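Please open the structure in your viewer and keep the selection tool at hand. The tour below proceeds stop by stop, stating what to select and what is found there.

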Amino acid sequence: MIYGLIAALGWGLADFGGAVVGRRIGSLSTVVVSQGFNALFMTVLILAGHHDLGVLWPYIGFVALNGAASATAYVTHYRALQLGPVAIVSPIGATYAVVGVALAIAVLGERPAGIAITGGIVTIAGVMLASTDLRKVEEGLHKQRPPGLPWALVSAVMFGIGGFLLGYLSQRVGWVVGLWASRMAQLVAFSCYAALRRSEITGIGKNRVTAAAVGVGVADLLGVIAYSSGAASGFISIVLTASAVFPLIAVVLSIVLLHERPVPNQYAGIALVIVGLLLLGLGA
């Protein structure tokens, strides 16, 4: 569970930074820079550790699927953050854990204790409530189609699939090799997508903004390293559920940096998250 919470910290920081940077240089540019940095870092780690990449061959199909799913997830997620509103995008994003946990139970036969499953359900419900101002959601849903909603839905499903596959690879070949393979497969997918959408690659090379996009990559890397290492040593379903609290980081940052005041439903959601994590910890 601790690994999942560290992953949530990294992904929460990446989301907050990605929303800011994406609105300056575009979502695709943000993804290319941040994930390109991640692929470079993992390559250095692979070379420094002299890891055997031959263990990947039996799982090459899973690597390709992970790359396609995760790349689609990142592109659509940052696009959703660019368009907003975050009050709708964030709680939808947190549901990726439901997809990943369902796959872990159905495919791998994971059977977390009943108290852990209950804790997971309570945690995810709490995250959705705590990361949302229900008044703004109601206002947004009155529109014909809230900006970013379709992108958020796609990203939630793809992150669930990608997260499950990354966890599976980490268990079979080790988290370093599994994460490196995932980042490289994503880089191939990003390159193909960027080649088709060249007009959307803007702003790269502007020193401050590009550096900020690298910072988004650093935060995301913290998340995926914690998630991969946690999945390699325990239940994917437990790590996935704990990592789903990442939208709370954006809530905390908005309170500290933007001096926003939580609404009553957010306090209730935070209380549910605390209860859910306690149950998850007891059942882990």
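Is Arg 183 buried or exposed? Select this residue to begin: Arg 183 has a relative accessible area of 3%, and because buried means under 20%, it counts as buried. Please bear in mind throughout that the model is predicted.

**First stop: the salt bridge**

Keep Arg 183 selected and add Asp 220. The side chains of these two residues meet in a salt bridge, with a distance of 3.7 Å from N to O. The pair links distant parts of the chain: Arg 183 belongs to helix H9 (residues 175-196) and Asp 220 to helix H10 (residues 207-233), and the two are 37 residues apart. Asp 220, at 2% relative accessibility, also counts as buried. The count of salt bridges in the model comes to 1.

**Second stop: the largest cavity**

Remain at Asp 220 and add Trp 11, Tyr 74, Tyr 96 and Phe 159. Of the 22 residues that line the largest cavity, these five lie nearest its centre. Helices H1 (2-25), H3 (60-83), H8 (149-173), H9 and H10 are the elements that each give two or more residues to this lining. Which helix provides the largest share? Helix H8 does, with 6 residues. The volume of the largest cavity is about 290 Å³, and the count of cavities of 30 Å³ or more comes to 1. Sorted by class, the lining of the largest cavity comprises 12 nonpolar, 7 polar and 3 charged residues.

**Third stop: Ser 228**

Next, select Ser 228, which is found in helix H10. The relative accessibility of Ser 228 is 0%, so this residue counts as buried. Which residues does Ser 228 touch, if those up to four places away in sequence are not counted? They are Leu 166, Ser 170, Trp 175 and Leu 179. Display their side chains to see the contacts of Ser 228.

**Fourth stop: the second largest pocket**

Now select Val 101, Ile 117, Gly 120, Ile 121 and Thr 241. These residues lie nearest the centre of the second largest pocket, which is lined by 14 residues. Two or more lining residues come from each of helix H5 (96-107), helix H6 (114-130) and helix H11 (236-243). Helix H6 gives the most, with 5 residues. The volume of the second largest pocket is about 180 Å³. What classes of residue make up its lining? There are 11 nonpolar and 3 polar residues, and no charged residues.

Within this group, centre the view on Val 101, a residue of helix H5. Val 101 counts as buried because its relative accessibility is 18%. Leaving aside neighbours within four places in sequence, Val 101 is in contact with Ser 237, Leu 240 and Thr 241. For a distance to display, choose the C-alpha atoms of Val 101 and Ile 117: they are separated by 9.7 Å, and the residues are 16 apart along the chain.

**Final stop: confidence**

Finally, colour the chain by pLDDT. The mean for the chain is 80, and 81% of its residues reach 70 or more. Which elements have the lowest and the highest mean pLDDT? Helix H7 (residues 134-141) has the lowest, at 60, whereas helix H8 has the highest, at 89. Select helix H8 once more to end the tour: this helix also gives 6 residues to the lining of the largest cavity.

Note on methods: Residues are numbered from 1 along each chain as its sequence is written. Side-chain values use heavy atoms; hydrogens and water are left out. A salt bridge is a side-chain nitrogen of Lys or Arg within 4 Å of a carboxyl oxygen of Asp or Glu. Helices (H or I, at least four residues) and strands (E, at least two) are DSSP runs, numbered from the N terminus. Buried means under 20% relative accessible area, exposed over 50%, partly exposed in between (1.4 Å probe, protein chains only). On a 1 Å grid over the protein atoms alone, a cavity is a set of points where a 1.4 Å probe fits but cannot get out, and a pocket is an open set with protein on both sides within 12 Å along at least five of seven lines; lining residues have an atom within 4 Å of a point. Grid points are joined across faces, edges and corners, and a volume is the space filled by probe spheres set on the points. Ala, Val, Leu, Ile, Met, Phe, Trp, Tyr, Cys and Pro count as nonpolar, Asp, Glu, Lys and Arg as charged, and the others, Gly among them, as polar. Contact means heavy atoms within 4.5 Å. pLDDT is the predictor's confidence in each residue, from 0 to 100.
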